[in-house]
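Thanks for coming, everyone. I'll take one chain today, from the overall fold down to a few single residues. Here it is.

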Amino acid sequence: MANTELVLRMYDYFSKGNMAAIKAEIFHPEIVWRMPGHHPLAGTMTGADQVIAFFGALFRAGITVDNVHFGELDNGTVVEKHIGHGELNGETIDLPTCTTYGIKDGKIADVQVHTAVQHTVDRYMWARIPLRSVAERVL
């Protein structure tokens, strides 16, 4: 299977809510997914369970994606460009993004999200994913 087809299959499973298939068939056991920024979802997720939890948080944050395009570099890295959309206090927020997918042993192993407008992503995520109270965080 071509590397781009693997990423497309991940998107298909995701649209169907089939996280078990993503974990079993698509993600390398040592997957690393990096999300830049200074917001509650920023950081490095390691392992399929953390990445799938991250997907759930993105969904709860109200992000939808369209205008998706794929290409494969000469080293096998898949490059995906899309525009994420959300709404914040009646304002439509567009989040142009590029994501690179490194493939190892026929599975997605290393992912880096590249955001075009980081300050907008940070503002959106902080508004949609507030921190728990101090009492809840320290217990």
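Start with the order of elements. From the N terminus, the chain runs α-α-β-β-α-β-β-β-β-α-α. The radius of gyration is 15 Å, close to the 14 Å that the globule rule gives for 139 residues, so the chain is as compact as a globular protein of that length. Keep in mind that this is a predicted model. The count is five helices and six strands.

Now the overall dimensions. The C-alpha trace spans about 45 × 35 × 25 Å along its principal axes. Of the 139 residues, 39% are buried. What about contacts across the sequence? Take the contacts between residues at least 6 apart: 46% of them join residues at least 24 apart.

Next, surface and charge. The chain exposes about 7,800 Å². Carbon and sulfur atoms supply 56% of that area. There are 12 positive and 16 negative side chains. The centres of those two sets lie 7 Å apart.

On to single residues. Two histidines first.

His82 is in strand β4, residues 78-88. Is His82 buried or exposed? Its relative accessible area is 10%. The cut-off for buried is under 20%, so His82 counts as buried. Which side chain does His82 pair with in a polar contact of 2.5 Å? That partner is Glu80. Beyond its sequence neighbours within four places, His82 is in contact with Tyr11. It also contacts a run from Val65 through Asp66 and Asn67 to Val68. Then come Leu95, Pro96, Thr97 and Thr99.

The second histidine is His39. This one sits in a loop, between β1 (27-35) and β2 (43-46). Loop or not, His39 is buried, with a relative accessible area of 6%. A polar atom of the His39 side chain lies 3.3 Å from the backbone oxygen of Pro36. What does His39 touch, leaving out residues up to four places away in sequence? The list is Gln118, Val121, Asp122, Met125 and Trp126.

Now the backbone. Most residues other than glycine have a negative phi. Two residues here are worth a look on that score.

One is Asn67, which we just met as a contact of His82. Asn67 is not a glycine, yet its phi is positive, about 55°. Asn67 belongs to strand β3, residues 64-72. With a relative accessible area of 36%, Asn67 is partly exposed.

Another is Asp105. Its phi is near 55°, again a positive value in a residue other than glycine. Where is Asp105? Look at the loop between β5 (91-104) and β6 (107-115). Asp105 counts as exposed, at 67% relative accessibility.

Last stop, Ile22. Find this residue in helix α2, residues 19-26. How accessible is Ile22? Its relative accessibility is 0%, and Ile22 counts as buried. Which residues does Ile22 touch, not counting those up to four places away in sequence? They are Met10, Tyr13, Phe14 and Phe27. One distance to finish with: Ile22 and Asp12 are ten residues apart along the chain, and their C-alpha atoms are separated by 9.5 Å.

To recap the residues. His82 is buried in the model, and so is His39. Asn67 is partly exposed, whereas Asp105 is exposed. Ile22 is buried, at 0%. I'll stop there.

Note on methods: Residues numbered from 1 in each chain as written. Predicted model: local features only at pLDDT ≥ 70, side-chain atom pairs only at ≥ 80, totals over all residues. Heavy atoms only, no water. Helix = DSSP H or I, 4+ residues; strand = E, 2+ residues; numbered from the N terminus. Rg over C-alpha atoms; globule rule 2.2 N^0.38 Å. Buried < 20%, exposed > 50% of the residue type's maximum accessible area, 1.4 Å probe, protein only. Contact = heavy atoms within 4.5 Å. Areas by Shrake-Rupley, 256 points an atom, 1.4 Å probe, with all protein chains shown as cover. Lys, Arg positive; Asp, Glu negative; His and termini not counted. Charge placed at Lys NZ, Arg CZ, Asp CG, Glu CD. Polar contact = N/O pair within 3.5 Å; in protein donor to acceptor, adjacent residues only side chain to side chain.
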